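Colleague: Hey, I'm new to this one. Could you walk me through it?

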Amino acid sequence: PKRKRKENEVEQEIEETPQEKKLRLAKLYLEQLREEGEWDVDRTLFLSEILEQKGKLQRPLAGGLVAPDPIEIRLLRGHKLSVTCLCITPDEKHIFSASKDCSIIKWDVGSGKKVHKILGGRKGTEARHVGHTAHILCMAISSDGKYLATGDMNKLIMIWEAATCKHLYKFTGHKDAVSGLAFRRGTHDLYSASHDRSVKVWNVDENAYVETLFGHQDVITALDCLGRERCVTAGGRDRTLRVWKIAEETQLVFHGHEGSIDCVQLINEEHMVSGGDDGCLCVWSVGKKKPVSVVKQAHGVHGNAGLKEPCWVSSVAALHNSDTVASGSHNAMVQLWKCGQGFRGLDPLFTIPVTGFVNSLKFSTSGKFLVAGVGQEHRLGRWWRVKDAKNGLYIIPLKRQNREAETEQ
């Protein structure tokens with residue numbers, strides 16, 4: 001029996017990958033530290049990070065959040081037309097935004113002032129204009145803050161030096177509008193998605209195209225990526241989300257929306273959140289083909305009696321590795337949500353008044369603030385206009401209850 005037990009142990013070891021072993025040991029070690037009361041902050045943080053990356057640990061932040069006072073919300077204006085996309089620099093000092101007016105603006109978060117504006121060009125001036133001459137739909141910044149990538153309706157991807165806003169390269173190859181961009185964290189690998197139904201991989205350091213992946217049956221509307229060599233895409237009216245494993249050249253397909261899926265963001269490496277024109281907000285686990293939680297009519301309904309339709313969910317954001325999610329629509333508010341244990345269930349926290357189509361939402365890395373890119377029109381089309389909306393960026397501070405209140409509860 002002794003030999004048998006030994007064999008079993010060996011078998012168990014073989015089945016466990018190095019990554020899984022690292023995870024198991026990190027968990028054990030964390031438990032030990034907790035029991036012994038040895039709370040070495042640095043070490044614990046490092047272990048927590050390992051667990052967070054695997055989606056095994058949720059930073060419980062949502063419970064402590066309180067709605068900001070409307071006076072504290074700042075509106076930055078500078079774009080003539082609807083803001084379609086934005087990104088926050090890793091140091092949280094600047095925000096880049098882009099618009100249907102083809103321009104890109106770099107903002108200073110502290111002062112709310114414009115640091116730089118890359119003007120849009122008129123149609124037909126492509127040969128001599130440095131910048132976009134078509135609606136910009138998406139943008140991404142590398143995790144070291146070095147490169148900014150922007151994609152437009154004219155099938156082009158532009159690469160900029162984020163610090164100086166200097167134009168570096170132009171990537172051509174997509175056969176239709178570029179609708180999603182994301183840098184893989186810790187690298188200068190760029191993933192792009194397009195209305196031509198393909199995903200492309202680029203190496204920005206080398207100014208090089210790497211490969212193309214196919215699978216979606218309709219235009220891709222959004223793309224996101226974290227640290228792994230994989231990305232997630234929303235396939236519009238093919239009603240699927242796909243997780244692409246780049247190295248293996250395989251894809252996982254997810255079903256659950258009843259209409260066009262217009263936005264998707266990763267919460268951590270294992271979970272994601274999506275929204276669509278069916279008015280649903282869905283949370284997914286990479287291990288399950290169907291959503292783990294669905295909120296129908298997440299932003300209510302609009303239209304006349306008898307013809308009421310759900311408000312489209314036009315943007316989603318997640319505070320990475322936490323239980324906090326935000327969604328935007330055109331019903332004059334941004335909604336914050338708390339993910340339940342194991343990402344089952346989404347509970348509404350509070351709303352923030354914002355008029356217009358919320359086309360883009362991003363949490364700052366630390367979770368100190370949330371930025372909403374707003375316009376009179378939806379990012380992907382002109383079905384109707386919200387006339388009293390201001391085309392701009394709303395900086396929304398995320399306040400936490402003071403510590404005393406927490407200890408009393």
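Modeller: Here is a short tour, from the whole chain down to two loop residues.

Modeller: This is a predicted model, where local features need pLDDT of at least 70 and side-chain atom pairs count only at pLDDT 80 or more, while totals for chains, interfaces and linings use all residues. Residues are numbered from 1 along each chain as its sequence is written, and side-chain values use heavy atoms, leaving out hydrogens and water.

Colleague: Okay, how many helices and strands does the protein chain have?

Modeller: Four helices and 32 strands. Those are DSSP runs numbered from the N terminus: H or I over at least four residues for helices, E over at least two for strands.

Colleague: And what share of the residues is buried?

Modeller: 55% of the 409 residues. Buried means under 20% relative accessible area, with a 1.4 Å probe and protein chains only.

Colleague: How much area does the chain expose?

Modeller: About 19400 Å², with carbon and sulfur atoms supplying 50% of it. Accessible areas come from the Shrake-Rupley method with a 1.4 Å probe, and for residues only the protein chains shown count as cover.

Colleague: Switching topic, what's odd about the phi of Cys165?

Modeller: Cys165 isn't a glycine, yet its phi is positive, about 65°. Most residues other than glycine have a negative phi.

Colleague: Where does Cys165 lie, and is it buried or exposed?

Modeller: Look in the loop between β9 (157–161) and β10 (166–171). Cys165 is buried, because its relative accessibility is 9%.

Colleague: What about Asn321?

Modeller: Asn321, also not a glycine, has a positive phi of about 60°. Its loop runs between β25 (315–318) and β26 (324–328), and Asn321 counts as buried at 12% relative accessible area.

How values were computed: Buried < 20%, exposed > 50% of the residue type's maximum accessible area, 1.4 Å probe, protein only.
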